[in-house]
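Trainee: Could you walk me through this one? I'd like to hear what lies behind each label.
Mentor: Sure, pull it up and ask away.

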Amino acid sequence: MYFVDTFETEGLGNRSYLAGGPGGAVAVDPPRDIERVLAAAARRGVRVVFVAETHVHNDYVTGGLELARLTGARYLVPAGAHVSFARTPVADGDTVTVDEGLRLRALATPGHTPHHTSYVLEDEGRAVAAFTGGSLLIGSVGRPDLVEPRLTERLARAQHASAHRLAEALGDEVPVLPTHGFGSFCASAQSDGDATTIGEERAANEAFTLDVDTFVERMLAGLDDVPAYYAHMGPINAAGPAPVDLTPPAPADAERIAERLAAGEWVVDLRSRVAYAAGHVAGSVNFEGEGKLATYLAWLMPWGKPVTLLADTPEQLAEAQRELARVGIDRPAAAATGDPAGWVREGEALASFPRATFAELADARGRGEDVVVLDVRRDSERAGERVEGSVHIPVHELHARLGEVPAGTVWTHCASGMRAAIAASLLDAAGRRVVAVDDAFDAAARAGLTAASRP
């Protein structure tokens, strides 16, 4: 009897898997914090005999090399991947025995990367699961533009062919278990649903319902911006990531926090946007620990810049440290927890700024106030509807484009409030007067603020 355990990494929108039988198991695309995989194997009383990568990942640092080292498992990596460490190269059609009657078969599925490989789990010769990595996703496929711009169209066509190859090789009942597509920017479109099968994808996925030319044209037209830190993930994974160090950072008192800010380093407040707006260290920036911390902080912060973390509790700090390590931000320079009043020097006060709704924005405009509305959503979000008269700078571009924000009090908004809070904190740190619109974008229409975006 086989099992499949799933590990969600919600902040990055990815999944990893542990699959096997009573004695042995394979870990597929493991996260960098491998303790979850080791704990699951221990609970089941199985030995991890293989670790399998579907591709050299562009959106997170893998824990595969360290997991293989700790468990003694063979490390399966596609033969076409150029890596600098010892591994077992896997080619199309290769099979390994995971446990008695349970085999893993490699199926070449290029497209997300040239070397991408899916793995089919077979129980007594019958396919029971397909680990499709960044190939066939739920209602979508992995994006083909993360390797080399000159290869993008060729890889997009390969994605279409690979999806069809999976469907031809597997029965409609076989579950599809992708790594990407649950919020990851590695997906060409976001997934709608939590589980799927080959048959369900054959009926609804555009890789099957569109001819290759239409599929490629539509997919390439819909690709969104790529997080800047992706440029560093592939090289780290190809070189072989170092073991992760999650020991607590050095403590930071008020004097040290001030020194970090004076040195031009990033001081990141992990508290809720509500708490941050009410009182924070002037010059710090707000990336909620409960939001997409790793994605947005790694995207906006200059790569390699030291970062000091401020948190409500040691537990919040530890979780943030774990999430940042998943994208290669390994060691915070320092950290502080507890009462924000203790994060500023004696005689200094905490900074603050107001939060508001779209209805309050409409009222401010109606009173004739000097209002600058800054939309920090992505281009694809603004393409449908916008606040009339708003300025548009996506949040991931704002730090480099602060000088483009017009004079006046800046009301930042996004789709729900999280990115608006990030933007407000960046502007506040730069000395601007800000109001963070903490409201769902649907409320803008009800307040009479929106108009269709111009083509």
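Trainee: In which sense do strand β12 (residues 266-269) and β14 pair, and over how many bridges?
Mentor: They pair in the parallel sense, over four bridges. Two strands count as paired if DSSP finds at least two bridges between them, so four is enough. One such spot is W266, which stands opposite V307 in β14. Before we go on: this is a predicted model, where local features need pLDDT of at least 70 and side-chain atom pairs count only at pLDDT 80 or more, while totals for chains, interfaces and linings use all residues. Residues are numbered from 1 along each chain as its sequence is written, and side-chain values use heavy atoms, with hydrogens and water left out.

Trainee: And what makes something a strand or a helix here?
Mentor: Both are DSSP runs, numbered from the N terminus: helices are H or I with at least four residues, strands are E with at least two.

Trainee: Which strand does β14 meet through helix α11 (residues 314-325)?
Mentor: That would be β15, and the β-α-β crossover is right-handed. The term means that, with the strands pointing away from the viewer, the path from the first strand over the helix to the second runs clockwise. β14 and strand β15 (residues 334-337) run parallel, joined by four bridges, and T308 has A334 as its bridge partner in β15.

Trainee: What makes you say strand β14 (residues 307-311) is mostly covered?
Mentor: Five of its five residues are buried, where buried means under 20% relative accessible area (exposed is over 50%, partly exposed in between; 1.4 Å probe, protein chains only). In a regular strand the side chains alternate between the two faces of the sheet. Here V307, L309 and A311 are buried on one side, and T308 and L310 on the other.

Trainee: How is strand β4 (residues 47-52) placed?
Mentor: Five of its six residues are buried. Strand β3 (residues 24-28) runs parallel to β4, with five bridges, and V26 stands opposite F50. The chain gets from β3 to β4 through helix α1 (residues 35-44), in a right-handed crossover. β4 also runs parallel to strand β5 (residues 74-78), with three bridges, and helix α2 (residues 64-71) completes a right-handed β-α-β unit with β4 and β5.

Trainee: How many aromatic pairs does a search of the whole structure find?
Mentor: Eight. Rings of Phe, Tyr and Trp (its six-membered ring) pair if their centres lie within 6.5 Å; planes under 30 degrees apart are stacked, over 60 edge-to-face, and the rest tilted. Y17 and F131 have centres 5.4 Å apart and planes at 55 degrees, so that pair is tilted.

Trainee: Why is the pair of F185 and W299 called edge-to-face?
Mentor: Their planes stand at 80 degrees, with ring centres 5.2 Å apart, so the pair earns that label. F185 and W299 are both buried, and F185, Y296 and W299 form one aromatic cluster.

Trainee: How do you know that T9 is buried?
Mentor: T9 has 5% relative accessibility, so it falls below the cut-off. T9 is in strand β1 (residues 3-9).

Trainee: Which side chain does the side chain of T9 make a polar contact with?
Mentor: The side chain of R36, at 3.0 Å. A polar contact is a pair of N or O atoms within 3.5 Å; within protein, one must be able to donate a hydrogen and the other to accept it, and residues adjacent in sequence count only if both atoms are side-chain atoms.
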